[in-house]
Amino acid sequence: MGGSPQADQAPEVLFERRGHLGVITLNRPKAVNALNAGMVAAVLEQLTTWAQDDAVATVLVRGAGDRGLCAGGDIVAIYQDLLAGGSATAEFWTTEYRLNALISRYPKPYVAFMDGLVLGGGVGISAHGSLRVVTERTRTGMPETTIGFVPDVGGTLLLSRAPGESGTHAALTGAHLSGADALFLGLADHFVPSGSLPALAEALESATAADAVGRFAQDPPASALAERREWVDAAYASDDAEEIVRRLRAAGGEAADAAATIEAKSPTAVKLTLASLRRVRGFSLAETLAQEYRVGMRSLAGPDFREGIRAQVVDKDRNPHWKPATLAEVTAADVEHYFAPLGDRELQLHTKESDHV
């Protein structure tokens, strides 16, 4: 079970068997099921067990409540760890990234209900799965640049594989995306109306995952992001963040709005995100997670991650003071520093348990 709940509190993750279906329900609805260390450890352990259980044919992951699957990692916990100078965040990421890697190579159908909010770490526990279902309520994305951070949980790899430069646009702006946009980006596979999810979950108890999902899937609405391909591809084709902003401004309209959005983000995080997306081309997920871990660990030591969380979640003044304050002040050497190997602190993905899967 998740965390260390008191006797009178519900567990933060619920596990149950229904027919041949193993059901994982993230159970922190007041926090939109934000992931903490106890939750990712519990899910990793349960998935490892179910992988070897012949009575479980399919796994389903979903969120409790009506707000979403998962709003991401628990960044308040990260902030508290940052202030304390602790190691809890590094340990959390190590377990979380092991979970992402296991989901990507899971030996059984792994169905994710990407309903409502699916942000950051929520993408990590869903978009690496084999059957990813979005709805008309889906609002997904990797909004890390807003808090002075970089997409992780394999998100840089997922977005680098999106059509044209649409993944670059999504990553740099941190935009919330619809279910149709998620399908276009390659973050999801099927569109199912949210009202049909309970019936789909019931069908998964006895039918094969592909048959059950196929029974309820419908044609998705049009993707707004797909319709912006022309200016998105033209503006974001550069490997230089300042040039991307210049091109967006010159294009005007929605493109100029995107430029303004990017310029409000952490300049360091924007440049790190762009460099991360370019570097992961041709990477495996394991290589990507190792790179994201390096950048993440260095971000813990820098000023912007702490300041971004403070401004967005702690003080909620939405007025972060980034250091450096502009894209032009972030040098190539500054960016390169974040990618340098960590020596004996490098991410170790393989555990004895997951090697059995």
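Let me begin with Phe305, which is buried at a relative accessible area of 2%, where buried means under 20% relative accessible area, exposed over 50% and partly exposed in between, taken with a 1.4 Å probe on protein chains only. I should say at once that this is a predicted model, in which local features need pLDDT of at least 70 and side-chain atom pairs count only at pLDDT 80 or more, while totals for chains, interfaces and linings use all residues. Residues are numbered from 1 along each chain as its sequence is written, and side-chain values use heavy atoms, with hydrogens and water left out.

Phe305 lies in helix α16, and by helices I mean DSSP runs of H or I with at least four residues, as strands are runs of E with at least two, both numbered from the N terminus. Helix α16 covers residues 303-314, twelve residues in total, and spans 15 Å from its first C-alpha to its last, close to the expected 16 Å, the expectation being 1.5 Å times one less than the number of residues. Along α16, the buried residues are Asp304, Phe305, Glu307, Gly308, Ile309, Arg310 and Ala311. Their cover includes α2 (75-84), α3 (88-104), α14 (267-279) and α15 (285-301), with contact meaning heavy atoms within 4.5 Å. Just after α16, Lys316 adopts a positive phi of about 60°.

Now to the aromatic rings. A pair of aromatic rings is described by the distance of the centres and the angle of the planes. Here rings of Phe, Tyr and Trp, the last by its six-membered ring, pair if their centres lie within 6.5 Å, and planes under 30 degrees apart count as stacked, over 60 as edge-to-face and the rest as tilted. The structure holds six such pairs. In one of them, Tyr97 and Tyr293 have ring centres 6.3 Å apart and planes at 80°, so this pair is edge-to-face. Because Tyr97 belongs to helix α3 and Tyr293 to helix α15, the pair ties together parts that are 196 residues apart in sequence. Tyr97 and Tyr293 are both buried.

Phe149 and Phe305, by contrast, form a stacked pair, 4.4 Å centre to centre with 10° between the planes. Phe149 sits in the loop between β8 (139-141) and α5 (155-160), and Phe305 in helix α16, so this pair ties together parts that are 156 residues apart in sequence. Phe149 has 5% relative accessibility and therefore counts as buried. Ring pairs also join Trp93 with Phe149 and Phe305 in a cluster.

What surrounds these rings on a broader scale? The largest nonpolar core has 68 residues, and those with the most contacts inside it are Ile24, Leu26, Leu47, Trp93, Ile125 and Phe305; a nonpolar core is a set of buried Ala, Val, Leu, Ile, Met, Phe, Trp, Tyr and Cys residues joined through side-chain atoms within 4.5 Å. Apart from that core lies another, of 18 residues, among them Leu60, Val111, Leu131 and Phe216. Returning to Ile125, its contacts include Leu26, Val61, Leu99 and Tyr110, leaving out residues up to four places away in sequence.

I will close with Thr25, which is found in strand β2 (residues 21-26) and, at 7% relative accessibility, counts as buried. The side chains of Thr25 and Arg62 are joined by a polar contact of 3.1 Å, that is, a pair of N or O atoms within 3.5 Å where, within protein, one must be able to donate a hydrogen and the other to accept it, and residues adjacent in sequence count only if both atoms are side-chain atoms.
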